[in-house]
Amino acid sequence: MASPVRALRLTALLPLLLILTGCDWVVMSPSGDVAMQQRDLIVISTALMLLIIVPVIALTLLFAWRYRSSNKDATYDPDWHHSTQLEVVIWAAPLVIIIALGAITWVSTHLLDPYRPLNRVADGRSVDQAAQPLEVQAVALDWKWLFIYPQYGIATVNELAAPVDRPISFRLTSTSVMNSFFIPALAGQIYAMPGMDTKLHAVINKAGVFNGFSANYSGAGFSDMRFKFHGVSGEEFEKWVADIKAGQGGNLDRAAYTGLAEPSVKEAPKRFQSVAPDLYDAILNRCVDPARMCMKDMMAVDAEGGMGMAGLRNVFERRVDVPGAPPATGSRFVAAVCTPQRPRDGEIKSAAATPIAFDKPLIDGAQPRSAGGMTE
């Protein structure tokens with residue numbers, strides 16, 4: 001008999017163990033004002049819904065007990081069909097709660113919009129308009145995080161720091177697949193996607209070391225895609241920046257980034273004492289490789305007519321100067337345009353053999369070119 005009793009005692013302890021697992025639940029005990037407002041929204045919404053859920057559960061148990069088959073004293077009224085008072089309670093209470101939830105959600109959706117600059121650093125403390133927010137460009141790599149500080153010209157891998165009570169303006173993108181940037185103590189998660197520039201505004205109000213990670217599955221190394229976020233004083237942050245600049249981290253240019261972007265797991269924190277000023281823009285526009293046209297230039301071509309007959313002129317005129325390379329002489333243009341499918345023998349002649357004439361010069365003062373033999 002001792003064994004069943006012991007098992008029963010252990011089973012009784014399980015609810016206590018489940019309660020203890022929430023003692024250090026960072027989502028409900030954050031250190032940043034944005035995360036605190038989100039925590040309050042969760043608590044208020046849950047409490048409003050429990051106003052209906054708890055009475056319904058209690059009444060369900062009460063009715064099941066009171067009107068059980070063995071209770072012969074319970075009122076039996078098979079002809080009952082309507083009660084105005086009961087209908088008012090059943091419909092009015094949930095309606096009021098839904099209206100309250102809708103109003104709170106609408107207001108919070110706008111006030112906590114991640115793209116909206118902060119108007120306060122804490123409850124009752126507005127943002128100092130003279131203070132400049134800390135700009136951080138975050139890039140999700142496989143499987144690590146790159147953080148660029150454009151105001152200081154430095155970059156780090158799997159290490160992030162920010163001064164306490166200073167607004168942080170994040171710009172986020174990804175190199176390959178979608179990831180989710182999440183520091184529970186700072187703010188809610190937000191997605192980082194290739195070719196897209198996502199924004200997040202937040203602030204940390206307490207000094208400490210907090211966990212950050214990707215909350216969206218992105219491949220084999222996803223579980224180790226973690227970093228430490230350091231909330232420090234203003235003086236400590238300036239010293240942290242100075243230490244990086246004085247270190248031996250080297251320069252993060254396009255060539256170094258290409259090597260860094262190779263997939264790796266459990267990447268140790270790295271620091272770069274300098275960074276190419278246009279690197280984030282090149283990552284965002286998918287043109288770190290100078291041989292590739294930047295996505296923003298490609299979209300500009302599309303906006304001006306695309307690659308069809310009406311847009312060839314725009315492609316010919318567009319010139320792309322590679323940062324760091326000697327300025328190009330003259331104008332760059334497309335020397336040939338491939339057709340989607342090779343014509344069959346006896347059908348249409350090759351497009352390259354048929355000159356394409358333009359009604360006006362491609363460049364002011366220049367002569368029109370043809371697709372058959374394009375020359376300057």
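## Close-up views of a predicted model

**View 1. R120 and D33 form a salt bridge.** In this predicted model, the closest N and O atoms of R120 and D33 are 2.9 Å apart. The pair links distant parts of the chain. R120 sits in strand β1, residues 120-122. D33 belongs to helix α2, which covers residues 33-66. In sequence, 87 residues separate R120 from D33. How accessible is R120? R120 has 24% relative accessibility and counts as partly exposed. D33 has a relative accessible area of 3%. D33 is buried because its value falls under 20%.

**View 2. R125 and D165 meet in a salt bridge.** Their side chains come to 2.9 Å, N to O. R125 lies in strand β2, residues 125-126. D165 lies in the loop between β6 (159-163) and β7 (168-174). The pair therefore ties together parts that are 40 residues apart in sequence. R125 is partly exposed, at 40% relative accessibility. D165 is partly exposed too, with a relative accessible area of 26%.

**View 3. D281 and K296 form a salt bridge between two helices.** The closest N and O atoms are 3.0 Å apart. D281 is part of helix α6, residues 279-284. K296 is part of helix α7, residues 295-303. These parts are 15 residues apart in sequence, so the pair ties them together. Is D281 buried or partly exposed? D281 is partly exposed, with a relative accessible area of 31%. K296 also counts as partly exposed, at 40% relative accessibility.

**View 4. Salt bridges that share partners form a network.** D33, R120 and D123 are joined into one network. The R120 and D33 pair of the opening view appears here again. How many salt bridges does the model have? The count comes to ten.

**View 5. The largest pocket has a volume of about 500 Å³.** Its lining is made up of 17 residues. Which of them lie nearest the centre of the pocket? They are L59, F63, L86, V89 and I90. Helices α2 and α3 (84-111) each supply at least two lining residues. The largest share, seven residues, comes from α2. By class, the lining has 14 nonpolar residues. Two polar residues and one charged residue complete the lining. Helix α2 thus links two views: α2 holds D33 of the salt bridge with R120, and α2 gives the largest share of this lining.

**View 6. I44 and L101 are 8.8 Å apart in space, C-alpha to C-alpha.** In sequence, I44 and L101 are 57 residues apart. I44 has its place in helix α2. What is the relative accessibility of I44? The value is 39%, and I44 counts as partly exposed.

**View 7. Residues 348-376 have pLDDT under 50.** The value stays under 50 over this whole stretch. The model has 41 contacts beyond four places in sequence for these residues. How does the chain score on average? The protein chain averages a pLDDT of 82. A score of at least 70 is reached by 74% of the residues.

Terms used
Residues are numbered from 1 along each chain as its sequence is written. This is a predicted model: local features need pLDDT of at least 70, side-chain atom pairs count only at pLDDT 80 or more; totals for chains, interfaces and linings use all residues. Side-chain values use heavy atoms; hydrogens and water are left out. A salt bridge is a side-chain nitrogen of Lys or Arg within 4 Å of a carboxyl oxygen of Asp or Glu. Helices (H or I, at least four residues) and strands (E, at least two) are DSSP runs, numbered from the N terminus. Buried means under 20% relative accessible area, exposed over 50%, partly exposed in between (1.4 Å probe, protein chains only). pLDDT is the predictor's confidence in each residue, from 0 to 100. Contact means heavy atoms within 4.5 Å. On a 1 Å grid over the protein atoms alone, a cavity is a set of points where a 1.4 Å probe fits but cannot get out, and a pocket is an open set with protein on both sides within 12 Å along at least five of seven lines; lining residues have an atom within 4 Å of a point. Grid points are joined across faces, edges and corners, and a volume is the space filled by probe spheres set on the points. Ala, Val, Leu, Ile, Met, Phe, Trp, Tyr, Cys and Pro count as nonpolar, Asp, Glu, Lys and Arg as charged, and the others, Gly among them, as polar.
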